[in-house]
Amino acid sequence: MFGMQLTVNMLIQFTSEDGSPDQMERVLWIDEHRKQAVTIEILGRTSLPKFREAVDILALLSLGQACILSDDPMKRVIREDALTENERMMREKAWEIVQVIAGAENLPNLFYPRHRAEAIKNASEAFGVSEKTILKYLRRFWQRGQHKNALLPDYKSGALNRRSNSVGKKRGRPRKFADIVGHGVNVDEETKRVFRVALNRFYYGKGLSLVRSYELMRREYYSVEKQGDEGTEKKVLKSSAETPTLGQFKYHFYRERDWKREVSTRQGKKNYLQNHRPIVGDSTSEAHGPGSIFQIDATIADIYVVSRYNRNWIIGRPVVYGVVDTFSRMVCGLYVGLEGPSWIGAMMALANTVKNKVEFCKEYGIDIGEEDFPVHHLPEALLADQGEISSKLAEPMIKNLNIKVMTAPSYRPELKSIVERFFKTLNGYVKPILPGGIQPDFRERGSHDYRLDATLDLYQFTQIMIRAVLHHNSSWMNSYQRDPLMIEDGVEPIPLKLWNWGIKNRAGKLRTISEDLMRLHLMPTTTASITARGIRCFKGMLYSSEKALQERWFEKARNDGRSIKVTVSYDPRNPNYIYIPQEDGKGFDKCYLLDHQARYREKTIEEIEHLLEQEKYDQKANEDKMLQRKVDLLSEIDGIIKDAQRMTKQERNVSESKSKRVRDIRINRHLEKALNRQNDAFELEKRQPVETNEGQVIQLNPITDDELNPELSLLRKKQRERFNGDDK
């Protein structure tokens, strides 16, 4: 009728008129025509069965005024071996009585009060049990699901879980010196409340010990205030007979101990997440095959190394980056150096994943075959912690290479346990035998300083790391859980064999890319401007490229009167070049630093930024001096102008007309030019006037200007004629 039907033991939650949850009833019986049903309220202490029309229940269900519950609040999972002998006996006795009364042959008569009273009376006489107890058995049987274990007593088995609220006589083992210290008190609900308050206040809140928390609890909650001799108030503890013992306090603490809260409040939430959180699941199950998920992480090696340029220089501990395939545990990328942990270090490790490992090993003098290290691929996803991989520097890699980046929360190393375990294994391979390795007593008073034992340089340490990786990739893994297909194919739990099996049977996740393109997409990006002077980047550095010259980018920028913005990739360690990715993403244009920008060549970005900042600082520091010099220059110019104005005013001929002064400019210029030539002309070994012994100067026959320069004589003649008013 309503698209549903009632079944025995079904739980139905009815709602009141205001829509709030009302009574919860269990269906005990349904007649063969499915017209009537018997239900009982499961939470009532005095509930009894009652008849309901089945159609009424279905109508309420269809109207939303009742709903069917899937979770049974009375459900109990009972372990037979956890029951005590007494509990089994009580259950069997109750079950024997209920079987006689509530058998199928007595239904539905048993649900009628008169028939039920008669059946209970007969059973009481037959089994020698009170009618009240038998009614309790029936109610418990009906409310809890009509099965044998529903008749178990309410208290739980086991001393740790048993709760008792009995009052009166002191429970537990009698005290040894009860006549001196008293019998003590039972722990009731009020005492438990005091325990909880004291634990919250002193143990969890202030991080005190249990004993200290108990002592402060007695001082605060089990004491009375009395007037001292000097009129001061002081607290006097109650006697031990009126106070819970330390043992009772500890018992309550251990029974209700909250490990998460204890570690989080006393040692910090981060400590709980890292060292005390439950560990469930296996990260291998998340990876379908090789390349599904690569895990990346860095560690600082427990060894000190020396410089290759001077082996007396100890350069500290190198950084090791590892990239491990989740499915096979194969090491796919490695970087050993001094960068990081940082994006540059991660960039080097990720670039190594696509590098041909035969060539990579050859760079360090190690000869292998392709089958020994067949990894030069991109993953589908990358799992890392919340460090450099989650920064903006990784965005070009995510967008251009379509790699999904997953980050683990802070202090949750178990989420990338494979790469964490790899570092631990790697450290176990090499640390005990390497000179300069850190030992457990490092920096303890009187211990040997292992830094002075440093012998390996970075190149040699990288050789060791590569050989350790090759060993790891070919080693048996006891903890690896093979799936049924692997077991069927007889695949050994060795990273190299698991990788090869996965390539054959679960391919599709790995991708290949050229090493240059991988590096391009790993490098950080910035915005550059195409101007008339070049490609402007990094606060003024100018670049050019063959494509820019061929397509006349700079001419267009100058004539258009505006700069064009482009995105460029760069390596902060080598700003001599920048790279403009092509639109199809399959290549790039290499741009070089212009010649007149030589001061930036062979510098890092940090050095260039420092240089520019220093120049700004120097400019600001000399700003006042430069302004003062400018003011002094203007004062000197003003003095010269005033002298010129004075001299001109003294020598000006007021009778000369303006037109005449302007008309003589060309002649005056020629005359001034001739005079300046005399003064400016070169004369080598020019003779100075000769002095005699008497100090007389010998006069030489003078040579007139007219003799040296006839043209000058002619100009002077013309000037005199005009000055005398003769224009002819």
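**Exercise 1.** In this predicted model, decide whether Y214 and F249 are buried or exposed, then classify their ring pair.

*Solution.* Start with accessibility: Y214 and F249 are both buried. Next, recall what you need for the rings. A pair of aromatic rings is described by the distance of the centres and the angle of the planes. For Y214 and F249 the centres are 5.8 Å apart and the planes stand at 50 degrees, so the pair is tilted. Finally, place the two residues in the chain: Y214 belongs to helix α7 (residues 210-221) and F249 to helix α8 (residues 246-255), 35 residues apart, and the pair links distant parts of the chain.

**Exercise 2.** Now try the same with F360 and Y364: which kind of aromatic pair do they form?

*Solution.* The distance from centre to centre is 5.7 Å. The angle between the planes is 70 degrees, and the pair is edge-to-face. F360 and Y364 are buried as well.

**Exercise 3.** Find how the axes of α3 and α4 are arranged, and name the residues that make the contact.

*Solution.* Take the axes first. Helix α3 (residues 113-127) and helix α4 (residues 131-143) have axes that come within 9 Å and cross at roughly 120 degrees. Angles of 65 to 115 degrees would count as roughly perpendicular; α3 and α4 are therefore oblique to each other. Their crossing is right-handed. Now list the contact: α3 contributes R116, I120, K121, A123 and S124, while α4 contributes E131, I134, L135, L138 and W142. Sorted by class, this contact has 6 nonpolar, 1 polar and 3 charged residues.

Definitions and conventions:
Residues numbered from 1 in each chain as written. Predicted model: local features only at pLDDT ≥ 70, side-chain atom pairs only at ≥ 80, totals over all residues. Heavy atoms only, no water. Axes fitted to C-alpha atoms, helices over the stretch in contact; angles between N-to-C directions. Helix = DSSP H or I, 4+ residues; strand = E, 2+ residues; numbered from the N terminus. Parallel < 35°, antiparallel > 145°, perpendicular 65-115°, else oblique. Left-handed = near helix turned anticlockwise from the far one by under 90°. Contact = heavy atoms within 4.5 Å. Nonpolar A, V, L, I, M, F, W, Y, C, P; charged D, E, K, R; others polar. Phe/Tyr/Trp six-rings, centres within 6.5 Å; stacked < 30°, edge-to-face > 60°. Buried < 20%, exposed > 50% of the residue type's maximum accessible area, 1.4 Å probe, protein only.
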